[in-house]
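Reader: Please take a close look at a single part of this model, and set it in the context of the rest of the chain. A plain account of position, exposure and neighbours is what I need.

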Amino acid sequence: MSRSCELTGKGVQSGHNVSHANNKTKRKFLPNLCNVTLISDALGQRFRLRVSAAALRSVEHRGGLDAFLLKANENELSMRARLLRRQIVKKTAEAA
């Protein structure tokens, strides 16, 4: 499983540890990933996603998983999240 957020695409970044003597050694900056269960109101189901803590705050701020996915850019989402987004769009179109 890759170390990237399924909703925002945030992944591993690389950089340097810099000592007081300005020696540089390579290091990785890992995203703060959490395994969470989010509920879709439109579909009435629960989904387990591997999401960064920042994305989890964004989901809460936008008013839930459905609102986040409808507003999200599709090429940032994982394949699973894209499929979920399409299902939500289809379900909301049927309801309207």
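**Glycine 63 and its setting**

Author: Glycine 63 is exposed, because its relative accessible area is 55% and the cut-off for exposed is over 50%. The model is a predicted one. Glycine 63 sits in the loop that links α1, residues 53-62, to α2. From its C-alpha to that of valine 36 the distance in space is 16 Å, with the two positions 27 residues apart in sequence counting.

To place that loop, consider the whole fold. The protein has four strands and three helices, and along the sequence they run in the order β-β-β-β-α-α-α. The radius of gyration is 17 Å, where a compact globule of 96 residues would come near 12 Å. The principal axes give a further view, since the C-alpha trace spans about 65 × 20 × 20 Å along them. Of the 96 residues, 28% count as buried. The accessible surface is about 6,700 Å², and carbon and sulfur atoms hold 49% of that area. Among contacts between residues at least 6 apart in sequence, 39% join residues at least 24 apart. As for charge, the protein has 18 positive and 7 negative charges, and their mean positions lie 12 Å apart.

Further along the chain comes the loop between α2 (65-71) and α3 (79-95), which holds leucine 77. Glutamate 76 is in the loop between α2 and α3 as well. Is leucine 77 buried or exposed? Leucine 77 is buried, because its relative accessibility is 4% and buried means under 20%. Glutamate 76, by contrast, is partly exposed at 44% relative accessibility.

What does each of these residues touch, leaving aside residues up to four places away in sequence? Leucine 77 makes contact with Glu6 and Leu7, with Leu69 and Ala72, and with Arg82 and Arg85. For glutamate 76 the contacts are Leu7, Thr8 and Gly9. Leu7 therefore appears in the list for leucine 77 and in the list for glutamate 76, where a contact means heavy atoms within 4.5 Å. Glutamate 76 and glycine 9 are 67 residues apart in sequence, yet their C-alpha atoms are 5.3 Å apart in space. For leucine 77 and histidine 20 the picture is another one: the C-alpha atoms are separated by 40 Å, with the residues 57 places apart along the chain.

Thr8, a contact of glutamate 76, is also touched by serine 52. Serine 52 belongs to strand β4, residues 45-52. Serine 52 is buried, with 2% relative accessible area. Beyond residues up to four places away in sequence, serine 52 touches Cys5, Thr8, Lys10, Asn32 and Leu33.

Cys5, listed there as a contact of serine 52, raises the matter of the cysteines. A disulfide is a covalent bond between the sulfur atoms of two cysteines. How many disulfides does a search of the whole structure find? The search returns zero. Cysteine 5 is in no disulfide, and the nearest cysteine sulfur, that of cysteine 34, is 9.3 Å away. Cysteine 34 is likewise in no disulfide, with the sulfur of cysteine 5 as its nearest at 9.3 Å. Why is the pair not counted as a disulfide? The separation is 9.3 Å, and a pair would need sulfur atoms within 2.5 Å, so this one does not qualify. The two cysteines also differ in exposure class: cysteine 5 is buried at 3% relative accessible area, while cysteine 34 is partly exposed at 27%.

One more loop position is worth listing. Asparagine 22 lies in the loop between β1, residues 13-18, and β2, residues 24-29. Most residues other than glycine have a negative phi. Asparagine 22 is not a glycine, but its phi is positive, at about 70°. Asparagine 22 is partly exposed, with a relative accessible area of 48%.

Back at the starting point, glycine 63 is exposed at 55%, in the loop between α1 and α2.

Note on methods:
Residues are numbered from 1 along each chain as its sequence is written. This is a predicted model: local features need pLDDT of at least 70, side-chain atom pairs count only at pLDDT 80 or more; totals for chains, interfaces and linings use all residues. Side-chain values use heavy atoms; hydrogens and water are left out. Helices (H or I, at least four residues) and strands (E, at least two) are DSSP runs, numbered from the N terminus. Buried means under 20% relative accessible area, exposed over 50%, partly exposed in between (1.4 Å probe, protein chains only). The radius of gyration is taken over C-alpha atoms; the globule rule is 2.2 Å times the number of residues to the power 0.38. Accessible areas come from the Shrake-Rupley method with a 1.4 Å probe; for residues, only the protein chains shown count as cover. Lys and Arg count as positive and Asp and Glu as negative; His and the chain ends are not counted. The place of a charge is taken as NZ of Lys, CZ of Arg, CG of Asp or CD of Glu.
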